[in-house]
Amino acid sequence: MSIPGTFDKRVQTNVCRIYGGTLAVVNSAEENKFLNQTILQKTGGSTNESYWLDGTDFETEGTWKWSSTKQEMAYKNFYPGQPDDQSGNEDCLAISTAHKGQWADMHCYEKLFSICEKDSSAGGTVG
């Protein structure tokens with residue numbers, strides 16, 4: 001489910017929780033491709049969109065984990081030059097259609113869209 005409107009990551013995380021989910025966690029190239037295609041469909045093919053994902057390196061710079069599970073990422077899809085921790089303060093993760101679904105670290109206060117996911121075993125869907 002995508003949440004209409006742009007908000008910082010903290011707000012988007014809480015909105016996903018209200019709906020019983022989390023920001024999207026990406027565990028494979030197939031999942032990443034699905035998310036990128038979903039974003040392109042929802043935006044009418046716009047190639048200038050970024051959406052929050054659940055990842056962060058807030059605890060230890062350069063060690064990327066999924067916020068909802070605290071597990072270190074097994075799959076990563078950063079675009080060249082990323083993560084760069086610009087200004088020493090980019091600790092949140094976004095997927096970008098401008099970079100064909102690759103990721104970048106971003107300032108957590110940036111206002112982006114989000115994609116929430118819900119555990120399908122609990123009757124939810126990813127979308």
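This section describes the disulfides, nonpolar cores and largest pocket of a predicted model.

Two disulfides are present in the structure, and their connectivity along the protein chain is 1-4, 2-3 when bonded cysteines are counted in order. In the pair formed by Cys16 and Cys116, the sulfur atoms lie 1.9 Å apart, and the link is left-handed, with -80° about the S-S bond. Cys16 belongs to helix α1 and Cys116 to strand β7, so this disulfide ties together parts 100 residues apart in sequence. Cys16 is buried, at a relative accessible area of 0%, and Cys116 is likewise buried, at 3%.

Cys92 is joined to Cys108, with an S to S distance of 1.9 Å; this link is right-handed, with 95° about the S-S bond. Because Cys92 lies in strand β5 and Cys108 in the loop between β6 and β7, the pair connects parts 16 residues apart in sequence. Cys92 is buried at 5% relative accessibility, whereas Cys108 is partly exposed at 27%.

The largest nonpolar core comprises 16 residues, and those with the most contacts inside it include Val26, Leu53, Trp66 and Trp103. Elements α2, β3 and β5 each give two or more residues to this core. Apart from it lies another core of 10 residues, among them Trp52, Ala104, Leu112 and Cys116.

The largest pocket has a volume of about 340 Å³. Its lining consists of 19 residues, with Lys9, Thr56, Phe58, Ser67 and Cys92 nearest the centre. Helix α1 gives the most to this lining, with five residues; by class, the lining residues divide into nine charged, six polar and four nonpolar.

Notes: Residues numbered from 1 in each chain as written. Predicted model: local features only at pLDDT ≥ 70, side-chain atom pairs only at ≥ 80, totals over all residues. Heavy atoms only, no water. 1 Å grid on protein atoms, 1.4 Å probe; cavity = no way out; pocket = protein on both sides within 12 Å on 5 of 7 lines; lining within 4 Å. Points joined across faces, edges and corners; volume = space filled by probe spheres on them. Helix = DSSP H or I, 4+ residues; strand = E, 2+ residues; numbered from the N terminus. Nonpolar A, V, L, I, M, F, W, Y, C, P; charged D, E, K, R; others polar. Core = buried A, V, L, I, M, F, W, Y, C linked by side-chain atoms within 4.5 Å. Buried < 20%, exposed > 50% of the residue type's maximum accessible area, 1.4 Å probe, protein only. Disulfide = S-S within 2.5 Å.
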